[in-house]
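Colleague: Please take a close look at the aromatic residues of this structure and their surroundings. I should be grateful for one connected account, with each term explained as it appears.

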Amino acid sequence: MPSPIAHLGVGYAIYRHYKEKLPEDQQKFWKLPLQLVLVTGLSMLPDLDVIPAIAFRDMSTYHNNISHSLLVGVPVALVVAGIFQRVYRSNFWLWFVICLISYDVHVVMDAFTAERGVMMLYPFKDERYASPIKLFYGLQWGLNWFSPWHLWTIFTESLFVAIVLVAMDYFEKRR
């Protein structure tokens, strides 16, 4: 799986793309706009399964399974969009699209990691899907925090996020 650097970077890009369509956000979480925190949080939501994985010391049983299904993103997006619609008194379908994209892009990114793949179509199929093209090295939980593998992951994912943001700037200027 990519580290939080890539997932949060893409979550930020999604927020930035839709920011102009969202109602003005006066609420802050520390010093960040609450909507930014919510959208980037959704981009990390599938990885909440890492909590029981760490607690029970069993990554393969708990992490990167059911929560990493594109279909799980639909009820999550419905519930969260309903909450956001009430909080911001705004368009339910806009929030639904933002929530679904934020959740499902995480799953797709994980499929591009040099690991075992994701259960994209769960509960219809238990099969794991992995891209033959690997964009991310991902974290290796069994390695030391300062292993060269993790330093390389930080570098490559920071570069990936920089490329995404530069591309966004380019296309925004061309609009």
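Modeller: Phe92 is buried, with a relative accessible area of 17%, whereas its sequence neighbour Trp93 is exposed at 55%. Here buried means under 20% relative accessible area, exposed means over 50%, and partly exposed lies in between (1.4 Å probe, protein chains only). The model is predicted, so local features need pLDDT of at least 70 and side-chain atom pairs count only at pLDDT 80 or more, while totals for chains, interfaces and linings use all residues. Residues are numbered from 1 along each chain as its sequence is written, and side-chain values use heavy atoms, leaving out hydrogens and water.

Across the whole structure, a search finds 9 aromatic pairs. The pair of Phe92 and Trp93 is edge-to-face because the ring centres are 4.9 Å apart and the planes stand at 85°. Rings of Phe, Tyr and Trp (its six-membered ring) pair if their centres lie within 6.5 Å; planes under 30 degrees apart are stacked, those over 60 are edge-to-face, and the rest are tilted.

A further edge-to-face pair joins Phe136 and Phe160, at 4.9 Å centre to centre and 80° between the planes. This pair links distant parts of the chain, 24 residues apart: Phe136 lies in the loop between helix H6 (92-111) and helix H7 (148-174), and Phe160 lies in H7. Helices (H or I, at least four residues) and strands (E, at least two) are DSSP runs, numbered from the N terminus. Phe136 counts as buried at 3% relative accessibility, and Phe160 counts as partly exposed at 25%.

Phe84, Tyr88 and Trp95 form one aromatic cluster. Within this cluster, Trp95 touches both Phe84 and Tyr88. Beyond residues up to four places away in sequence, the other residues in touch with Trp95 are Leu22, Gln35, Val39, Ala81, Gln85 and Ser90. Contact means heavy atoms within 4.5 Å.

The cluster leads to the largest nonpolar core, which has 28 residues; Phe84, Trp95 and Ile98 have the most contacts inside it. A nonpolar core is a set of buried Ala, Val, Leu, Ile, Met, Phe, Trp, Tyr and Cys residues joined through side-chain atoms within 4.5 Å. Helices H1, H2, H5 (73-88) and H6 each supply at least two residues of this core, and the largest share, 10 residues, comes from H6.

Among the buried residues of H1 are Ala6, Val10, Ile14 and Tyr18. What covers the buried residues of H1 includes strand E2 (32-33), helix H2 (34-44), H6 and H7.
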